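Me: Please take a close look at the salt bridges, and at how buried or exposed the residues that form them are. Set those between chains in the context of the interface.

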Amino acid sequence: MIFNSITFLIFLPLVVLLYWFLPGKYRSWMLCLMSLVFYGFWKPVYILLLLFAALLDFFVSIEIDRHENPIKRKRWLILSVGLNLAILFYFKYLIFFTDNLEGILNMLGLHVSILPSLKIILPIGISFYTFETISYTVDVYRRHIKPERNFIRYLTFLVYFPHLIAGPILRAAEILPQLAGRQAFKVDFLVEGFRRVLIGLFLKVVLADNIAPLVDQGFALPTNDVSAVDVWTLSFLFGFQIYFDFCAYSHIAIGSAKMMGIHFPENFNFPYLAVSPKAFWKRWHITLSNWIRDYLYLPLTGQKMLHSKPEAISEIRHSYTIKGYMALFLTWAIMGFWHGASWTFVIWGLYHAILVTMHRLSLHFFKNINHQFRNFMGWCISLPLLMLGWIPFRTTNLHDLGHYASKLVHPSQYTWLGLRENCYLITFLLLVLMLLTYCWIEVVKPILNKWVVGSILDTIALSVAVALVVIFLRPISQFIYFQF
Amino acid sequence: MSFLHRYRFFFQVLLPVILGCFLLVLYKDRIRASAEIGLGKRTIAFKPKRGDFPIHIMNPAYVDTLVQGWKMRGSRHTILWLGNSQLHGINLYQKGQQNAVGMLWDSLQSLNREVVGVSYPNANLQELLATLLLVSKKLAVKDVLIPLFYDDLREDGLRTILQTDELKEICRTQKAFVSGLTSFEALTAEKTELTPKEQVSPDFEGIKETTQEKTERFLNTKASAWFNTWEKRADMRGNFFNTLYNVRNRMMGIDATTIRKMIPGRYRANLLAFHHILDFCNNKQIRLTVYIPPLRNDAPIPYESDLYKEFKMELRKECLKTGAHFLDLEKVVPNQYWDRLINAQEGSVNEQLDYMHFQQEGHRLVADTIFHHFVSLL
């Protein structure tokens, strides 16, 4: 089920009502059932795949916990992780790998077809729930958590509808205790949840969905018809689109869970105000960054987590050795590949690895500069570079990507414009609005909230948001991250 | 403050929902149909009928009705007149008046011929090509009449109402006539599920082919039936964007006389579409008449004049080369038949020159000129 739909706006209050009216012991059952219904609104048959993944890790984690022998524990872990990745590989990467292999064989003069033309539908949310099941099994293996013995509760953790399709990527240690507890009703849950859902819907249906046509038209143009200024503009425009889109999903997910008194970790924190590429990844898709750090980067660098909470590592010891940088680049390549089976995503990942490396290497040159000035300059340099990273992310093939890149280095490509004037204007306005919103939330609102005027303005803003959401609410497009 | 906090559910949830709905109801009564926003307050969209059937449509969904009428009248030699809002817009309309399509239809009776019109606001040449492919498949078109608006070459792509499965089928079988046009790429792709015509709507694109699609369509139909406000959401969106455009124009000093810069990629795509129209007509032995549309002469044109002249010369040359007829109607409609475009938004006094729409007399002059052109071709 898609959030930006009437169906969801009926479904959510119904689930919330049931949740608070049902006795505590039935809540998990109800949430589990309703979450499967939620998933079934896409393609019901893929519920079976979800159930398989849940059953596999439920029993494997118990086996891991039961054994004391490290070799046996490791074998169970490998079985679980291997099967999960194999399923992910089949649905997401098989066609990509066979296409590439066939391409290489063709270049060598061997014209063979490895697989008949396959039509594999990517199960929605598979990348997200695969990561969640893997982290659960690994946490049990690392003895950070005890395995859950109640299958329904475990299944609810995995399929809980707010986060099922596009995150935030949850850890069992964060959610299972909340599902096991008997939460008492508080009106604040509804107030805060409503606000988050409304903000999310506003970001999605009013902003992201209306920026999308401009981005689509821009990227659909033949690359010869696009200037360097247009490449920059499109990178910013898509940067805003994907931010509003994904941040919207996270808001709705967090808000929906909040209505049931369940707390999800935050996934975004004004990422485009980051003063460095490293800071960006502490503000963008935070739960994925943390997952990649804890389950991929740290093991590759040989560091260990003390427990499964994301705050376990407060200070990572960065390795400035060849091995450290190899780990960094490998992590980022995998991060890119997680987003999609395409070389453009790998390039996107590696581009970020280069940015992070450059940032690390440049740190000691600027340590004596005034802190505020350094942050300001850091933002001025980081923002365009981070936005430019969206070009490989959005481009569908390497050929176009090459063309866009070549445009950027030719001075003659900065002398003409290929998009409608509105694109440039909207991009500029979005940037200004983002800065103003940040100032409003961080500076003005806390002051106004001390007086009645703050509450009045708040109510007016929410009312306008309600009206605009109703006008624009259409399942016109999925959330971008559904495809990952 | 403690009062506000105590009743926070009311102030932060219920009240915003109630006020939001109230705002919607207020807004609903102040809006105009989306298709007419760009016409201004004193111009209406006119679609003439003959008997029970239209001879001019603004939506390809009605092509079948158009064809049905043509058949009922004896499937005579027919001219297909394509265009933008200039064709359907009548400024200072009074009851009983009609547009150029209606007038030409009447004049052509003496020649035992008829004309049918299809026009969309800001139609670009790619859309006119798509319409030509679509209509000529169902109706034996003998002549095609196309205006070349310099302004509309800034537009790109195909509007959703054109992206029907019928057009997809045509594009797949006649790829040569749409090749090189990115706006047609999605239509020529082999893999596309066919959907019933009435379901062609971008509104459900995100849940296409999922179980939710049925539920959502059902709920949407019910909501539209129960709440007039819900049904008017498309118009509200159109009006909302129009307000934003007006704010932009006022803030940036943009008006009807502001020079519109040509956008290279869009210009090229539309010229390519024009070449496909020429090829298609030659291939199907359809006689093509291309005309430069009327422009008001009492104000400087809102284009870069050198480029505009170049554009006219280039197209004239192309027409001569391919045997298409070329008419320059730029000075056909005198100044008194043009009006000012009064902003479509309620309460606004933003009055600007209208470079596009003229009064019925203007339509008459255009229809007469074109009629004489067809007489000369006999």
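Reply: A residue is called buried here when its relative accessible area is under 20%, exposed when over 50%, and partly exposed in between. The model is a predicted one, and every value below is computed from it.

B:Lys28 has a relative accessible area of 14%, so it counts as buried. Its partner in a salt bridge is B:Asp29, with N and O 3.9 Å apart. That distance passes because the cut-off for a salt bridge is 4 Å. B:Asp29 has a relative accessible area of 58%, and therefore counts as exposed. The pair thus joins an exposed acid to a buried base.

Over all chains, the search finds 35 salt bridges. One of them is between A:Arg149 and A:Asp65, at 3.1 Å from N to O. This pair links distant parts of the chain, with the two residues 84 apart: A:Arg149 is in the loop between α5 (126–141) and α6 (151–159) of chain A, and A:Asp65 is in helix α3 (residues 47–66) of chain A. Here the base is exposed, A:Arg149 having 53% relative accessibility, whereas the acid is buried, A:Asp65 having 12%.

A further group lies in chain B, where B:Lys312, B:Asp328, B:Glu330 and B:Lys331 are linked in a network of salt bridges.

Next, the bridges between the chains. B:Arg268 forms a salt bridge with A:Asp225, and the closest N and O atoms are 2.3 Å apart. The pair crosses from helix α13 of chain B, which holds B:Arg268, to the loop between α9 (187–220) and α10 (228–259) of chain A, which holds A:Asp225. B:Arg268 is partly exposed, because its relative accessible area of 45% falls between the two cut-offs. A:Asp225, at 7%, is buried.

The interface around such bridges can be described as follows. In it, 48 residues of chain B are in contact with 54 residues of chain A. The two chains bury about 4,300 Å² between them, and 63% of this area is on carbon and sulfur atoms. Four salt bridges are counted between chain B and chain A. A:Arg420 and B:Glu155 also form a salt bridge, their closest N and O atoms being 3.0 Å apart. Polar contacts across the interface come to 18 residue pairs, with both residues at pLDDT 80 or more. On the side of chain B that touches chain A, at least two residues each come from α2 (8–28), α10 (211–226), α12 (233–252) and α13 (264–283) of chain B. The helix that gives the most to this side is α2(B), with 13 residues. Sorted by class, the side of chain B that touches chain A has 24 nonpolar, ten polar and 14 charged residues.

Which members of the pairs described are buried? B:Lys28 is, at 14%; A:Asp65 is, at 12%; and A:Asp225 is, at 7%. Their partners are exposed in the case of B:Asp29 and A:Arg149, and partly exposed in the case of B:Arg268.

Methods: Residues are numbered from 1 along each chain as its sequence is written. Chains are lettered from A and ligands numbered from 1 in the order in which they are written. This is a predicted model: local features need pLDDT of at least 70, side-chain atom pairs count only at pLDDT 80 or more; totals for chains, interfaces and linings use all residues. Side-chain values use heavy atoms; hydrogens and water are left out. Contact means heavy atoms within 4.5 Å. Buried area is the accessible area (1.4 Å probe) that two parts lose on being put together, summed over both. A salt bridge is a side-chain nitrogen of Lys or Arg within 4 Å of a carboxyl oxygen of Asp or Glu. A polar contact is a pair of N or O atoms within 3.5 Å; within protein, one must be able to donate a hydrogen and the other to accept it, and residues adjacent in sequence count only if both atoms are side-chain atoms. Helices (H or I, at least four residues) and strands (E, at least two) are DSSP runs, numbered from the N terminus. Ala, Val, Leu, Ile, Met, Phe, Trp, Tyr, Cys and Pro count as nonpolar, Asp, Glu, Lys and Arg as charged, and the others, Gly among them, as polar. Buried means under 20% relative accessible area, exposed over 50%, partly exposed in between (1.4 Å probe, protein chains only).
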